[in-house]
Amino acid sequence: MTTHADQTTPFVPRFDAPESQGRKLAIICSKGNLDMAYPGLILANAALGEGVETHLFFTFWGFDMINKKTSGDLKFTMLGNTATHLPQGLGGIPGMTHLATSQMKKAIADLDVPEVPEFLDQIVGSGGHLWACRMSADMQHLTEVDLRDDVEGIISASDFIELTEGAQLLFI
Amino acid sequence: MPTTTIAGQAVEVNDEGFLTRPDQWSDDLGTELARLIGIELTADHWKLLHFLRDDFAHQGETATLRRVSTQTGTPIKSLFDLFPGKPAKKMAYVAGLPKPKGCV
(Lines give C-alpha, C1' and ligand atoms only; values in the text may rest on other atoms or scores of the structure.)
Protein backbone atom coordinates (compact mmCIF):
# COMPACT_ATOMS: atom_id res chain seq x y z
CA MET A 1 0.00 0.00 0.00
CA THR A 2 1.31 3.43 -0.90
CA THR A 3 0.41 6.62 0.82
CA HIS A 4 -0.27 9.84 -1.00
CA ALA A 5 2.75 12.03 -0.55
CA ASP A 6 1.20 15.10 0.99
CA GLN A 7 -0.99 14.07 3.89
CA THR A 8 -2.08 17.60 4.66
CA THR A 9 -3.73 18.14 1.28
CA PRO A 10 -6.40 15.57 0.41
CA PHE A 11 -6.02 13.94 -3.01
CA VAL A 12 -9.17 14.99 -4.92
CA PRO A 13 -10.22 14.34 -8.55
CA ARG A 14 -9.58 17.30 -10.86
CA PHE A 15 -13.17 17.78 -12.05
CA ASP A 16 -12.84 21.42 -12.98
CA ALA A 17 -9.25 21.46 -14.23
CA PRO A 18 -8.56 24.75 -16.05
CA GLU A 19 -7.22 22.94 -19.15
CA SER A 20 -10.59 21.26 -19.71
CA GLN A 21 -12.60 24.49 -19.48
CA GLY A 22 -14.00 26.11 -22.61
CA ARG A 23 -14.08 22.89 -24.64
CA LYS A 24 -16.76 22.84 -27.38
CA LEU A 25 -18.11 20.03 -29.55
CA ALA A 26 -20.10 20.34 -32.78
CA ILE A 27 -21.93 17.30 -34.12
CA ILE A 28 -23.42 17.30 -37.61
CA CYS A 29 -26.25 14.75 -37.84
CA SER A 30 -26.95 13.97 -41.50
CA LYS A 31 -28.65 10.57 -41.30
CA GLY A 32 -32.26 9.64 -40.64
CA ASN A 33 -31.86 5.91 -40.00
CA LEU A 34 -32.49 4.69 -36.47
CA ASP A 35 -29.04 3.11 -36.19
CA MET A 36 -27.32 6.26 -37.44
CA ALA A 37 -29.24 8.58 -35.12
CA TYR A 38 -27.76 7.10 -31.97
CA PRO A 39 -24.02 7.74 -32.37
CA GLY A 40 -24.55 11.50 -32.38
CA LEU A 41 -27.01 11.37 -29.49
CA ILE A 42 -24.79 9.19 -27.32
CA LEU A 43 -21.69 11.28 -27.97
CA ALA A 44 -23.57 14.55 -27.39
CA ASN A 45 -24.94 13.22 -24.12
CA ALA A 46 -21.50 12.03 -23.04
CA ALA A 47 -19.89 15.37 -23.91
CA LEU A 48 -22.52 17.31 -21.95
CA GLY A 49 -21.96 15.04 -18.97
CA GLU A 50 -18.29 16.02 -19.12
CA GLY A 51 -19.12 19.71 -19.08
CA VAL A 52 -18.43 20.24 -22.79
CA GLU A 53 -20.52 22.89 -24.59
CA THR A 54 -22.29 20.85 -27.29
CA HIS A 55 -24.09 21.89 -30.49
CA LEU A 56 -25.94 19.54 -32.83
CA PHE A 57 -26.63 20.58 -36.42
CA PHE A 58 -29.29 18.57 -38.23
CA THR A 59 -29.00 18.45 -41.99
CA PHE A 60 -30.44 16.45 -44.89
CA TRP A 61 -31.85 13.14 -43.62
CA GLY A 62 -30.84 14.12 -40.11
CA PHE A 63 -33.92 16.36 -40.18
CA ASP A 64 -35.98 13.25 -39.47
CA MET A 65 -34.48 13.30 -35.96
CA ILE A 66 -36.01 16.70 -35.15
CA ASN A 67 -39.11 16.65 -37.37
CA LYS A 68 -42.05 16.13 -34.99
CA LYS A 69 -43.72 13.81 -37.51
CA THR A 70 -40.78 11.43 -37.91
CA SER A 71 -38.61 11.78 -34.78
CA GLY A 72 -40.24 8.88 -32.94
CA ASP A 73 -40.52 6.72 -36.04
CA LEU A 74 -36.98 6.29 -37.40
CA LYS A 75 -36.31 2.92 -38.98
CA PHE A 76 -33.50 0.43 -39.34
CA THR A 77 -33.13 -1.57 -42.53
CA MET A 78 -30.90 -4.51 -43.37
CA LEU A 79 -30.77 -3.38 -47.00
CA GLY A 80 -27.37 -2.13 -48.01
CA ASN A 81 -26.01 -2.92 -44.55
CA THR A 82 -23.60 -5.85 -44.85
CA ALA A 83 -22.83 -5.67 -41.12
CA THR A 84 -25.98 -7.70 -40.37
CA HIS A 85 -24.14 -10.65 -42.02
CA LEU A 86 -27.42 -11.94 -43.44
CA PRO A 87 -28.27 -12.39 -47.14
CA GLN A 88 -29.20 -9.00 -48.60
CA GLY A 89 -32.25 -10.57 -50.27
CA LEU A 90 -33.86 -11.07 -46.86
CA GLY A 91 -33.92 -7.33 -46.28
CA GLY A 92 -36.22 -6.86 -49.25
CA ILE A 93 -38.96 -9.16 -47.94
CA PRO A 94 -42.06 -7.11 -47.02
CA GLY A 95 -42.17 -6.42 -43.28
CA MET A 96 -38.46 -7.03 -42.79
CA THR A 97 -37.62 -3.36 -42.10
CA HIS A 98 -40.43 -3.25 -39.55
CA LEU A 99 -39.08 -6.40 -37.87
CA ALA A 100 -35.48 -5.19 -37.88
CA THR A 101 -36.59 -1.82 -36.46
CA SER A 102 -38.60 -3.45 -33.65
CA GLN A 103 -35.67 -5.67 -32.72
CA MET A 104 -33.23 -2.77 -32.65
CA LYS A 105 -35.60 -0.62 -30.59
CA LYS A 106 -35.98 -3.45 -28.10
CA ALA A 107 -32.21 -3.93 -27.86
CA ILE A 108 -31.78 -0.20 -27.21
CA ALA A 109 -34.59 -0.09 -24.63
CA ASP A 110 -33.09 -3.11 -22.85
CA LEU A 111 -30.00 -0.99 -22.18
CA ASP A 112 -32.25 1.71 -20.68
CA VAL A 113 -31.29 4.04 -23.52
CA PRO A 114 -34.22 6.31 -24.45
CA GLU A 115 -35.95 6.60 -27.82
CA VAL A 116 -34.85 9.47 -30.07
CA PRO A 117 -37.34 12.17 -28.92
CA GLU A 118 -36.74 11.46 -25.23
CA PHE A 119 -32.99 11.31 -25.82
CA LEU A 120 -33.14 14.77 -27.38
CA ASP A 121 -35.16 15.96 -24.34
CA GLN A 122 -32.34 14.69 -22.14
CA ILE A 123 -29.69 16.40 -24.29
CA VAL A 124 -31.52 19.73 -24.15
CA GLY A 125 -32.08 19.27 -20.39
CA SER A 126 -28.31 18.79 -20.07
CA GLY A 127 -27.70 22.12 -21.78
CA GLY A 128 -27.18 20.91 -25.38
CA HIS A 129 -28.09 23.13 -28.34
CA LEU A 130 -30.11 21.96 -31.36
CA TRP A 131 -29.86 23.71 -34.73
CA ALA A 132 -31.55 22.98 -38.05
CA CYS A 133 -30.01 23.45 -41.49
CA ARG A 134 -31.58 26.20 -43.61
CA MET A 135 -31.04 24.46 -46.97
CA SER A 136 -32.55 21.17 -45.72
CA ALA A 137 -35.59 23.02 -44.38
CA ASP A 138 -36.07 24.76 -47.73
CA MET A 139 -35.63 21.51 -49.70
CA GLN A 140 -38.16 19.66 -47.54
CA HIS A 141 -40.53 22.65 -47.28
CA LEU A 142 -40.35 22.61 -43.50
CA THR A 143 -40.48 25.52 -41.04
CA GLU A 144 -40.02 25.97 -37.28
CA VAL A 145 -43.54 24.68 -36.60
CA ASP A 146 -42.63 21.28 -38.06
CA LEU A 147 -39.62 20.90 -35.78
CA ARG A 148 -39.20 20.24 -32.07
CA ASP A 149 -39.88 23.38 -30.08
CA ASP A 150 -36.41 23.28 -28.54
CA VAL A 151 -34.64 23.63 -31.90
CA GLU A 152 -33.05 27.03 -31.37
CA GLY A 153 -33.17 28.08 -35.01
CA ILE A 154 -32.99 27.22 -38.68
CA ILE A 155 -29.62 28.58 -39.64
CA SER A 156 -27.24 28.56 -42.58
CA ALA A 157 -24.15 26.41 -42.72
CA SER A 158 -22.01 29.54 -42.36
CA ASP A 159 -23.87 30.58 -39.22
CA PHE A 160 -23.26 27.14 -37.73
CA ILE A 161 -19.57 27.28 -38.56
CA GLU A 162 -19.41 30.74 -36.99
CA LEU A 163 -21.14 29.77 -33.76
CA THR A 164 -18.99 26.67 -33.31
CA GLU A 165 -15.70 28.52 -33.66
CA GLY A 166 -12.94 26.59 -31.92
CA ALA A 167 -15.11 23.49 -31.49
CA GLN A 168 -14.12 19.92 -32.17
CA LEU A 169 -16.36 18.55 -34.91
CA LEU A 170 -18.01 15.23 -35.69
CA PHE A 171 -19.82 14.47 -38.93
CA ILE A 172 -22.25 11.60 -38.71
CA MET B 1 -4.03 1.52 -3.74
CA PRO B 2 -2.98 4.97 -2.50
CA THR B 3 -4.57 6.42 0.58
CA THR B 4 -5.40 10.00 1.36
CA THR B 5 -6.62 11.66 4.53
CA ILE B 6 -10.02 13.32 4.36
CA ALA B 7 -11.63 14.87 7.44
CA GLY B 8 -8.98 13.18 9.56
CA GLN B 9 -9.83 9.76 8.15
CA ALA B 10 -7.47 7.71 5.98
CA VAL B 11 -9.38 6.43 2.94
CA GLU B 12 -8.29 4.32 -0.02
CA VAL B 13 -8.58 6.03 -3.38
CA ASN B 14 -7.79 5.15 -7.00
CA ASP B 15 -5.38 7.08 -9.22
CA GLU B 16 -8.07 9.68 -9.95
CA GLY B 17 -8.97 10.20 -6.31
CA PHE B 18 -12.26 8.26 -6.20
CA LEU B 19 -12.84 6.22 -3.05
CA THR B 20 -12.32 2.52 -3.71
CA ARG B 21 -13.96 1.15 -0.57
CA PRO B 22 -17.64 2.05 -0.29
CA ASP B 23 -17.59 0.84 3.34
CA GLN B 24 -15.22 3.67 4.30
CA TRP B 25 -17.90 6.23 3.41
CA SER B 26 -20.21 7.98 5.85
CA ASP B 27 -22.53 10.99 5.66
CA ASP B 28 -19.87 13.09 7.39
CA LEU B 29 -17.25 12.01 4.87
CA GLY B 30 -19.71 12.77 2.02
CA THR B 31 -20.14 16.30 3.36
CA GLU B 32 -16.38 16.78 3.31
CA LEU B 33 -15.94 15.20 -0.17
CA ALA B 34 -18.57 17.63 -1.47
CA ARG B 35 -16.86 20.58 0.19
CA LEU B 36 -13.55 19.60 -1.42
CA ILE B 37 -15.12 19.89 -4.88
CA GLY B 38 -16.93 23.12 -4.03
CA ILE B 39 -20.42 21.83 -3.27
CA GLU B 40 -22.43 22.54 -0.12
CA LEU B 41 -24.90 19.72 0.35
CA THR B 42 -28.62 20.40 0.70
CA ALA B 43 -31.55 18.03 1.24
CA ASP B 44 -31.88 17.74 -2.57
CA HIS B 45 -28.27 16.56 -2.83
CA TRP B 46 -28.72 14.06 0.00
CA LYS B 47 -31.78 12.51 -1.62
CA LEU B 48 -29.68 11.73 -4.71
CA LEU B 49 -26.64 10.57 -2.74
CA HIS B 50 -28.69 8.17 -0.66
CA PHE B 51 -30.33 6.83 -3.82
CA LEU B 52 -26.87 6.26 -5.34
CA ARG B 53 -25.63 4.45 -2.23
CA ASP B 54 -28.72 2.29 -2.04
CA ASP B 55 -28.74 1.54 -5.78
CA PHE B 56 -25.05 0.60 -5.72
CA ALA B 57 -25.67 -1.79 -2.84
CA HIS B 58 -28.34 -3.57 -4.89
CA GLN B 59 -26.96 -3.31 -8.43
CA GLY B 60 -23.24 -3.53 -7.75
CA GLU B 61 -22.53 -0.61 -10.05
CA THR B 62 -22.93 3.13 -9.95
CA ALA B 63 -26.13 4.51 -11.49
CA THR B 64 -25.71 6.57 -14.66
CA LEU B 65 -27.12 10.09 -14.80
CA ARG B 66 -30.15 8.82 -16.70
CA ARG B 67 -30.81 6.15 -14.12
CA VAL B 68 -30.54 8.67 -11.29
CA SER B 69 -32.96 10.93 -13.14
CA THR B 70 -35.58 8.30 -13.98
CA GLN B 71 -35.41 6.42 -10.69
CA THR B 72 -35.58 9.49 -8.44
CA GLY B 73 -37.89 11.51 -10.69
CA THR B 74 -35.37 14.36 -10.82
CA PRO B 75 -35.14 16.30 -14.10
CA ILE B 76 -31.72 16.08 -15.77
CA LYS B 77 -31.45 19.86 -15.61
CA SER B 78 -31.71 19.78 -11.80
CA LEU B 79 -28.89 17.22 -11.65
CA PHE B 80 -26.69 19.64 -13.59
CA ASP B 81 -27.74 22.47 -11.23
CA LEU B 82 -26.93 20.45 -8.10
CA PHE B 83 -23.64 18.96 -9.35
CA PRO B 84 -22.44 21.44 -11.99
CA GLY B 85 -20.21 20.53 -14.92
CA LYS B 86 -19.80 16.78 -14.54
CA PRO B 87 -22.83 15.67 -12.54
CA ALA B 88 -22.49 11.88 -12.91
CA LYS B 89 -18.86 11.82 -11.79
CA LYS B 90 -19.26 14.43 -9.05
CA MET B 91 -22.27 12.62 -7.62
CA ALA B 92 -20.44 9.30 -7.62
CA TYR B 93 -17.39 10.90 -5.99
CA VAL B 94 -19.36 12.50 -3.18
CA ALA B 95 -21.25 9.22 -2.62
CA GLY B 96 -17.91 7.41 -2.28
CA LEU B 97 -18.60 5.21 -5.31
CA PRO B 98 -16.72 4.43 -8.54
CA LYS B 99 -17.59 6.64 -11.50
CA PRO B 100 -20.42 5.13 -13.60
CA LYS B 101 -19.47 2.72 -16.39
CA GLY B 102 -22.58 3.07 -18.56
CA CYS B 103 -22.58 5.30 -21.66
CA VAL B 104 -26.04 6.80 -21.18
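# Notebook: the sheet of chain A and its contacts with chain B

I began with strand β2 of chain A and noted that four bridges join β2(A) to strand β6 (residues 168–171) of chain A, the two running parallel. Looking for a specific pair, I found that L25(A) has Q168(A) as its bridge partner in β6(A). I keep in mind throughout that this is a predicted model.

**Entry on the sheet.** I then looked at the other neighbour of this strand: β2(A) pairs in the parallel sense with strand β3 (residues 53–58) of chain A, over six bridges, and I28(A) has F57(A) as its bridge partner in β3(A). Between these two strands the chain passes through helix α1 (residues 34–49) of chain A, and this β-α-β crossover is right-handed. Further along, I saw strand β4 (residues 129–133) of chain A pairing with β5(A) in the parallel sense over three bridges, with V151(A) in β5(A) as the bridge partner of L130(A). Put together, the strands make an open sheet of five with the order β5-β4-β3-β2-β6 in chain A and parallel pairing. At the edges stand β5 (151–155) and β6 of chain A, each with a single partner strand, so one side of each is left without a neighbour in the sheet. Neighbouring strands of this sheet are turned by 20° against each other on average, direction ignored.

**Entry on burial in β2.** How many residues of strand β2 (residues 24–29) of chain A are buried? I found that six of the six are, so the strand is largely enclosed by the rest of the structure. In a regular strand the side chains alternate between the two faces of the sheet. Here K24(A), A26(A) and I28(A) point one way, L25(A), I27(A) and C29(A) point the other way, and all of them are buried.

**Entry on the interface.** Turning to the second chain, I noted 27 residues of chain A in contact with 27 residues of chain B. The area buried between the chains is about 2400 Å², and carbon and sulfur atoms give 56% of it. F11(A), F15(A) and E50(A) supply 27% of the area that chain A buries against chain B, more than any other three residues. I also looked up the salt bridges between the two chains, of which the count is five; one joins the side chains of D16(A) and K90(B), at 3.2 Å from N to O.

**Entry on helix α5 of chain B.** Since K90(B) is among the buried residues of α5(B), I examined this helix (residues 87–94) and found seven of its eight residues buried, so it is largely enclosed by the rest of the structure. What covers the buried residues includes α1 of chain A, together with elements of chain B, among them β1 (2–6) and α2 (43–59). After the helix comes G96(B), whose phi is positive, near 70°.

**Entry on salt bridges within a chain.** In chain B, E16(B) forms a salt bridge with K99(B), the closest N and O atoms being 2.8 Å apart. This pair links distant parts of the chain, 83 residues apart, with E16(B) in the loop between β2 (9–12) and α1 of chain B and K99(B) in the segment after α5 of chain B. I contrasted this with E32(B) and R35(B), whose closest N and O atoms are 2.8 Å apart in a salt bridge; being three residues apart in helix α1 of chain B, they are separated by about one helical turn. E32(B) counts as buried at 18% relative accessibility, whereas R35(B) is exposed at 53% relative accessible area.

How values were computed: Residues numbered from 1 in each chain as written. Chains lettered and ligands numbered in written order. Predicted model: local features only at pLDDT ≥ 70, side-chain atom pairs only at ≥ 80, totals over all residues. Heavy atoms only, no water. Buried < 20%, exposed > 50% of the residue type's maximum accessible area, 1.4 Å probe, protein only. Pairing = 2+ DSSP bridges. Right-handed = clockwise from strand over helix to strand, strands pointing away. Axes fitted to C-alpha atoms, helices over the stretch in contact; angles between N-to-C directions. Contact = heavy atoms within 4.5 Å. Buried area = accessible area lost by both parts, 1.4 Å probe. Salt bridge = Lys/Arg side-chain N within 4 Å of Asp/Glu carboxyl O.
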